[in-house]
Amino acid sequence: SYTFNDFALNSDEMILASYEMFKKSGFMRTFQIDKQTLFLWLLTVRKNYRNVEYHNWSHAFNVCQSMFAIFEVNY
């Protein structure tokens, strides 16, 4: 929802929430992505983000979750 507070999540919970977004959106089924591959990819993306103030893993998750909420609410 638009009221989702991602600041309440730690880094591992963001991984789990990302997985749920992929699953709920149907991307895993559409693109035939298995669970292990998706988790490894998400962990790699998180690991490779630099720890800068405005462009980091938390920001990436926030942007993705915001777009997910817009698509889910409007479609």
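Here is a walk through this structure, from the whole chain down to a couple of residues. Keep in mind that what you're looking at is a predicted model.

Start with the overall layout. The protein chain has 4 helices and 0 strands, so reading from the N terminus you simply get α-α-α-α. How compact is the chain for its length? Its radius of gyration is 13 Å, close to the 11 Å that the globule rule gives for 75 residues, so the chain is as compact as a globular protein of that length. If you'd rather think in terms of a box, the C-alpha atoms fill one of roughly 35 × 30 × 15 Å along the principal axes.

Now for the inside and the outside. Buried residues account for 25% of the 75 residues. The accessible surface comes to about 5700 Å², and 59% of that belongs to carbon and sulfur atoms. As for charge, the chain carries 7 positive and 7 negative charges, whose mean positions sit 6 Å apart. Contacts also reach along the chain: take those between residues at least 6 apart in sequence, and 59% of them join residues at least 24 apart.

Helix H1 is a good place to zoom in. This helix covers residues 11–25, 15 residues in total, and spans 21 Å from its first C-alpha to its last, close to the 21 Å expected at 1.5 Å a residue. Which of its residues are buried? They are Met-14, Ile-15, Ala-17, Ser-18, Tyr-19 and Met-21. That buried set packs against H2, H3 and helix H4 (57–74).

Pick Met-14 out of that group. Met-14 lies in helix H1, and its relative accessibility is just 5%, under the 20% cut-off, so Met-14 counts as buried. Leaving aside residues up to four places away in sequence, Met-14 touches Asp-6, Leu-9, Trp-57, Ser-58 and Phe-61. Thr-30 is another matter when it comes to distance: Met-14 and Thr-30 are 16 residues apart along the chain, with 22 Å between their C-alpha atoms.

For the opposite situation, head to the loop between helix H2 (27–30) and helix H3 (35–48), where you'll find Gln-32. Is Gln-32 buried or exposed? At 74% relative accessibility, above the 50% mark, Gln-32 counts as exposed. Measure out from there to Asn-56, 24 residues apart from Gln-32 in sequence, and the C-alpha to C-alpha distance is 28 Å.

Conventions. Residues numbered from 1 in each chain as written. Predicted model: local features only at pLDDT ≥ 70, side-chain atom pairs only at ≥ 80, totals over all residues. Heavy atoms only, no water. Helix = DSSP H or I, 4+ residues; strand = E, 2+ residues; numbered from the N terminus. Rg over C-alpha atoms; globule rule 2.2 N^0.38 Å. Buried < 20%, exposed > 50% of the residue type's maximum accessible area, 1.4 Å probe, protein only. Contact = heavy atoms within 4.5 Å. Areas by Shrake-Rupley, 256 points an atom, 1.4 Å probe, with all protein chains shown as cover. Lys, Arg positive; Asp, Glu negative; His and termini not counted. Charge placed at Lys NZ, Arg CZ, Asp CG, Glu CD. Expected span 1.5 Å × (residues − 1).
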